[in-house]
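Trainee: Before we discuss this protein and its ligand, may I see the sequence and the structure?

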Amino acid sequence: MSPSTLPSWPPSLSAEQHEYLLLLASTYALSHGFILLPPKSSSPPTHTFAAPLSLFPTPFPRQLYDFAREIQPIYNALYARVALDWEFLDRVMGGSVSKVDTFQGELWRGWRQVREELVQPIQLGIFRSDYLLHSTSTKSDMELKQVEFNTIAASFGALSQRAGEMHRYLASATDQYFGVSSYLEEESSYPHNESLEQIGAGLAEGFKAYGKKDAAVLFVVQDGERNVFDQRWLEYELLERHGIRVIRHTFSELANLAQIDRTTKTLLLPSPFLPNAAPTEIAVIYYRSAYTPSDYPSSSEWTTRLLLERSRAIKCPSMALQLAGAKKIQQVLCEPGVLEDFLLSEDRPDVGFGHGSGSLSQADVDKLRETWIGLWPMDDSEYGREAYHLATTQPERFVLKPQREGGGNNIYRTDIPSALEALAKADRAPGEPEKKEGYILMELITPPQGLHNWLVKGGESKARKADVVSELGVYGVMLFGDEEVVLNRGAGTLLRTKGRESDEGGVAIGKFCLCEICVP
Ligand code: ADP
Ligand code: MG
Ligand code: MG
């Protein structure tokens, strides 16, 4: 299939087939841990919801799917090199962003405070590069456009693998979906996705690189997290496949528990419920928290973050790698020559492609750039003034993004001018840059029209037919330092499908459904 069209979707079902499929999907989800906690769960929990799901996989052009997977190691290398370039991070994140955005400011200043003392040369990245299909009247072919690149707490690796397994099960349990579509009958329509296994393997490689068999991996998690099973599956994967223990703590719990040996800098945690046992050494710190201001309700969380950062444990991610994932960095990478500098300069660290001209080429630069859409700073540079003009005269073409993660923070279309006005009026200290400098302006990606699917919200027992938009996430794992690179590879995919009417919304709040891909 050429990437200019998608099949008419979903194929039609009789009422009985529909009913049967819904039953099979819901029971499969509940029995295979494709689940979320309901809102306001007790502890320990007593009930679960099936995670939001789609009855059919959603079609995605194979060529673009393969392309997204192919370029993931180049993206991994790019972001690793950004994290290793202190001067660049200082210039971009230590500039006006750190002055107008308190959270990014704390993160950058905290990193600057500890970076000379760090004893662990290796860092672990578990990344997810997110894309939408872009379809315009001027080009006949659909394109793949990057939404953002996540370097911290990239979630749904486990549930995504389960979603794929569920659609394969539905296919075989219904004689390839009742024969209603040739796409559903093709084995090749269901790509192999082992995101859970691949991400688990990445964490296990980090553990191995640390080199202490009786150590453990620390998961730093949020209080009240509904997506706990996505994390638990990773925990079981580490234990069952790799023999590695996981200790889970919320960020605030660690304030009282975490200790660092003064000379060796090993991070030690008390063994849970064995008060007389020796403390457990932590080999890898995996953050599924610490990425948003509400994870730091007081200065004590920042103190904990710095304590953990100073330890010998391998961080996933390090503070530098978290800074590298800022939307401001994504925007600056788009400025002329910046990508060439990171991918082609002779003096950049290896990160899996060797050094300089022997490794990456202009063709690789072009491939990444092909996935970009317009991005502008909101400062008083020439680009910034152009952005301001565009945002106030043609707002319907844009989204305005703050330096935030976790969804629900962006400002869309005609809301932009009044948001900019409010930012201009916001209080600021003398000499402080304007608040808008903490934002970036991004051209809207326009996904193809006419694709529908049956979506089931978490906790509901019926499916709703929706006009859908799918966001493809490609995972990457990377274990690297200035001097060495242990691994750089792709780690599977995620396809989140949402009703077109909503600009965004997380899986947990029910607007996005997890579905696997049918690549016709
Ligand atoms: P976050 O880090 O909070 O997930 P994103 O940049 O991914 O922030 O934006 C959240 C959501 O907003 C995306 O999942 C996507 O649905 C939508 N979105 C973001 N940027 C664009 C864009 N340029 N065009 C269309 N939709 C976008
Ligand atoms: Mg993000
Ligand atoms: Mg996102």
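Mentor: The questions below concern a predicted model, and they take up its domains, its ligand shell, its cores and one strand residue.

Trainee: Which domains does the domain assignment of the protein chain give, and how many Å separate their centres?

Mentor: The assignment divides the chain into domain 1 (15-373 + 445-518) and domain 2 (374-444). Taken over C-alpha atoms, the centres of domain 1 and domain 2 are separated by 26 Å.

Trainee: How many residues of domain 1 are in contact with domain 2, and what is the class make-up of that side?

Mentor: From domain 1, 22 residues are in contact with 23 residues of domain 2. Helices α5 (96-100) and α15 (327-333) each supply at least two residues of this side of domain 1. By class, the side of domain 1 that touches domain 2 has 8 nonpolar, 8 polar and 6 charged residues.

Trainee: Why does ligand 1 lie between the two domains, and which residues come nearest to ligand 1?

Mentor: Domain 1 and domain 2 both give residues to the shell, so ligand 1 lies between them. Strands β5 (123-134), β6 (143-150) and β14 (398-402) each supply at least two residues of that shell. By class, the shell has 6 nonpolar, 4 polar and 8 charged residues. Of the 18 residues around ligand 1, those that come nearest are Glu-148, Met-442, Leu-444, Ile-445 and Glu-504.

Trainee: Is Val-399 buried or exposed?

Mentor: Val-399 lies in strand β14. Leaving aside neighbours within four places in sequence, Val-399 is in contact with Asn-410, Ile-411, Tyr-412, Met-442 and Leu-444. A residue with 20 or more other C-beta atoms within 10 Å of its own is buried. Val-399 has 21 such neighbours inside 10 Å, so it counts as buried.

Trainee: Which strand supplies the largest share of the largest nonpolar core?

Mentor: The largest nonpolar core has 132 residues, and those with the most contacts inside it are Leu-53, Val-217 and Val-284. The largest share of this core, 10 residues, comes from strand β18 (residues 464-480).

Trainee: Which residues does a second, separate core include?

Mentor: This second core has 16 residues. Among them are Met-378, Ile-411, Leu-420 and Leu-423.

Trainee: What does UniProt list for residues 216-324, and how far apart are the end C-alpha atoms of that span?

Mentor: In an unreviewed entry, UniProt lists residues 216-324 as "domain: Glutathione synthase substrate-binding". The span is 37% helix and 25% strand, and its end C-alpha atoms lie 27 Å apart.

Note on methods: Residues numbered from 1 in each chain as written. Chains lettered and ligands numbered in written order. Predicted model: local features only at pLDDT ≥ 70, side-chain atom pairs only at ≥ 80, totals over all residues. Near = placed C-beta within 6 Å. Helix = DSSP H or I, 4+ residues; strand = E, 2+ residues; numbered from the N terminus. Nonpolar A, V, L, I, M, F, W, Y, C, P; charged D, E, K, R; others polar. Domains from an automatic or database assignment. Core = buried A, V, L, I, M, F, W, Y, C linked by C-beta atoms within 7 Å. Buried ≥ 20, exposed ≤ 12 C-beta atoms within 10 Å, placed from the backbone. UniProt positions renumbered as here; feature names shortened; annotations may be inferred. Contact = placed C-beta atoms within 7 Å.
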